[in-house]
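Student: I should like to go through this structure and ask, for each label, what justifies it. May we begin with the strands and then turn to side chains?

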Amino acid sequence: SIYEMFGNECCLSTGEVIKVIGFKINKLIASICEKNEVNRVSAKVELPLNFPGLYKVVADKTPYLNIEEITRKVFIGPTRFGHPCFYSPEDIKLANFTIKHGEQIIFNSVEEVNGTMAVNCDVVRNNQSHSFTLPLSQEGKFYECEDDQIYTLKEISEWKIPKCRSRIVKLSNTLHMWHSCNPLPENFDGCLILTPVYEVQAVMKFRKDIVRILSDLDVEVKDITDCYDINSFLHPLSLEDVFERTSKEFPMVAEIMEGPSGSPKPYNFLHTGKEIIIYKKYQATRILASEIRSDSPKRHFLIPMTYKGKFKRRPREFPTAYDLEIARSEKEQLHVVATKAFDSPHKELFCVSVGDQFLAQQRQTSEVLYEERKKALDVFACEQILSDTYKKVLLPMYMEGGFVEVIHDKKQYQLSEICKEFRLPFNVKVSVRDLSVEEDVLAAVPGLQFEEEITDSYLLISSTSSPRESWEIPVYRLNMSVHLLSKEVQTVVPPATRTIVEEISEEQYYMVRRYENQTLQPPPRPPKKPT
């Protein structure tokens with residue numbers, strides 16, 4: 001049988017032995033539902049997995065009838081997406097624990113417990129986590145919990161569509177324009193029913209790449225798993241698979257089966273057939289930074305702590321008095337200029353004019369006359385800078401004005417100094433570029449906002465043919481497959497490590513922020529204007 005695969009003709013000969021290694025969604029058929037009514041489908045369109053936008057997943061209303069069904073159809077594992085949540089409409093009584101009806105059950109992993117396959121689960125009550133196991137034989141009705149996260153279509157296709165089911169999603173945010181005709185209606189705000197179209201991933205005896213076969217290819221096959229040595233085939237591993245290996249298994253030699261597509265420098269040497277040494281896995285710190293500009297799209301970067309350039313401060317902008325309270329520090333006094341006028345409804349509080357200058361002091365409580373009664377109000381104390389003196393004034397914390405910082409500090413800072421001495425977010429521009437790299441992408445950016453410090457997963461690799469330097473490669477943003485070689489690593493100690501400033505897409509930016517903020521409490525909301 002001859003068929004076309006990505007523009008190339010491939011031949012499956014009679015008697016060819018193929019090892020199926022997985023199934024992957026190739027594209028999505030989206031049924032467009034107007035006004036969020038799933039029974040009113042206006043049209044069906046084909047969406048590629050890289051179609052832009054962020055989407056909210058609608059919880060599936062069809063229950064699973066036992067735990068075993070969930071493990072067969074839903075991904076459960078150690079990755080960020082591998083912890084689905086379900087609830088039961090009835091209490092579930094276990095030997096030493098009772099799961100209450102409607103309680104969110106977090107599925108963490110599947111393993112053998114006392115000779116029986118079971119799922120390790122958690123329930124959180126009063127901010128305390130309770131762990132227990134559910135056997136696969138446990139029956140009942142298990143419904144998917146609501147998910148407040150947002151996802152790209154690629155994430156949804158990989159992790160959020162159960163096998164043999166479709167998935168309803170709602171468009172949450174359009175990130176950027178599609179490069180060709182948008183298949184969705186203009187100003188679309190309904191929901192989509194996503195039906196996956198699969199492809200079969202396989203390896204063949206005399207090929208070192210991964211073969212993709214469309215699931216509707218008309219070929220007759222026979223299952224010979226029980227009578228064939230499957231170990232004679234190559235065993236592809238993703239970077240996530242490699243990262244899950246124990247630290248004792250490193251270093252290792254691997255051959256790239258499928259390199260990342262369209263890789264920028266320095267990852268362009270990671271092509272199919274290339275042999276690499278993987279020295280170790282680890283977590284590394286990065287500073288998430290975004291270009292300062294009023295229009296969009298903004299560029300986003302992950303900056304390693306080893307960056308050798310220097311920065312000068314740039315003025316920060318503060319939309320409310322509440323933001324002044326968050327930004328102030330004991331190290332230096334915050335000096336700002338008002339960019340928007342504000343008329344106070346209380347005579348005890350200050351009316352701000354454009355151009356007024358203030359030194360930020362501190363938050364406090366003050367009494368104001370409100371509807372002929374005294375009322376306590378959160379205020380922010382400042383000193384107004386006059387021509388020859390200072391005047392103490394009070395601004396309401398809810399004040400929606402606008403302030404721009406006045407910078408007196410002319411010092412040049414290393415990245416580590418900024419992280420140590422100042423609170424993020426923090427505005428800067430590159431004053432001395434990093435001379436250790438051929439091209440410093442940050443030097444051409446007129447202004448940067450350092451948003452937060454994140455921790456991410458990396459593998460340290462080098463080329464076997466020229467191991468003069470090693471590179472950090474991100475586990476979750478570089479899509480490539482390798483297979484391990486039974487070769488000894490000649491150099492156990494890695495050569496000098498090269499770290500780079502990584503420019504990331506808008507989708508990746510939202511993903512990085514979401515992962516990092518899952519463990520953080522949201523900041524308190526500013527006080528509202530009294531009504």
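Tutor: Let us begin with a residue pair: K281 stands opposite L459 in β30. Please bear in mind throughout that the model is predicted.

Student: What makes β20 and β30 a pair of strands?

Tutor: Two strands pair if at least two bridges are found between them. Strand β20 (residues 275-291) is joined to β30 by 15 bridges, so the criterion is met. The two strands run antiparallel.

Student: How do you know that β29 and β31 pair with β30 as well?

Tutor: The requirement is again at least two bridges. Strand β29 (residues 426-432) shares 3 bridges with β30 in the antiparallel sense, and V428 stands opposite L448 there. Between β30 and β31 there are 4 bridges, likewise antiparallel, with W471 in β31 as the bridge partner of I461. A hairpin of 5 residues joins β30 to β31.

Student: Why is β30 described as mostly covered?

Tutor: A residue is buried under 20% relative accessible area. In β30, 13 of the 16 residues are buried. One buried residue within this strand is D456, at 3%.

Student: What makes R477 and D456 a salt bridge?

Tutor: The cut-off is 4 Å between a side-chain nitrogen of Lys or Arg and a carboxyl oxygen of Asp or Glu. In this pair the closest N and O atoms are 2.4 Å apart, so it qualifies. R477 lies in the loop between β31 (469-474) and β32, whereas D456 belongs to strand β30 (residues 448-463), so the bridge ties together parts 21 residues apart in sequence. R477 is buried too, with a relative accessible area of 16%.

Student: Why is the contact between E405 and R316 said to tie together separate parts of the chain?

Tutor: E405 lies in strand β28 (residues 400-405) and R316 in the loop between β22 (310-313) and β23 (317-320), so the parts that are tied together are 89 residues apart in sequence. The salt bridge has its closest N and O atoms 2.9 Å apart. E405 has a relative accessible area of 6% and R316 one of 10%; both values are under 20%, so both residues count as buried. The two also belong to a network of salt bridges that links R313, R316, E332, E405 and D409.

Student: Why are E249 and R245 called partly exposed?

Tutor: The term covers values between 20% and 50%. E249 has a relative accessible area of 36% and R245 one of 25%, so both fall in that range. They form a salt bridge with the closest N and O atoms 3.1 Å apart. In total, the structure holds 22 salt bridges.

Student: What makes the rings of F350 and F358 an edge-to-face pair?

Tutor: Ring centres must lie within 6.5 Å, and planes over 60 degrees apart count as edge-to-face. The structure holds 12 aromatic pairs. For F350 and F358 the centres are 6.0 Å apart and the planes stand at 85°, so the pair is edge-to-face. F350 is buried at 15% relative accessible area, and F358 at 1%. The rings of Y413 and F422 have their centres 5.3 Å apart and their planes at 85°, so that pair is edge-to-face as well. Both Y413 and F422 are buried.

Student: How do you know that R165 sits over the ring of Y64?

Tutor: The distance limit is 6 Å from the ring centre, together with an angle within 35 degrees of the ring normal. The charged end of R165 is 3.8 Å from the centre of the Y64 ring. Ring pairs also link Y64 with F86 and F107 into a cluster. In a further example, R286 lies over the face of Y458, at 4.4 Å from the ring centre.

Student: Why is S481 called buried?

Tutor: Its relative accessible area is 12%, under the limit of 20%, so S481 counts as buried. S481 lies in strand β32 (residues 481-485). Beyond its neighbours within four places in sequence, its contacts are with I210, L237, E255, I256, M257 and E258.

Student: Where should the model be read with caution?

Tutor: Over residues 518-527, pLDDT stays under 50. Where pLDDT is low, the predicted coordinates should not be read in detail. The protein averages a pLDDT of 83, and 90% of the residues score at least 70.

Key
Residues are numbered from 1 along each chain as its sequence is written. This is a predicted model: local features need pLDDT of at least 70, side-chain atom pairs count only at pLDDT 80 or more; totals for chains, interfaces and linings use all residues. Side-chain values use heavy atoms; hydrogens and water are left out. Rings of Phe, Tyr and Trp (its six-membered ring) pair if their centres lie within 6.5 Å; planes under 30 degrees apart count as stacked, over 60 as edge-to-face and the rest as tilted. Buried means under 20% relative accessible area, exposed over 50%, partly exposed in between (1.4 Å probe, protein chains only). pLDDT is the predictor's confidence in each residue, from 0 to 100. Contact means heavy atoms within 4.5 Å.
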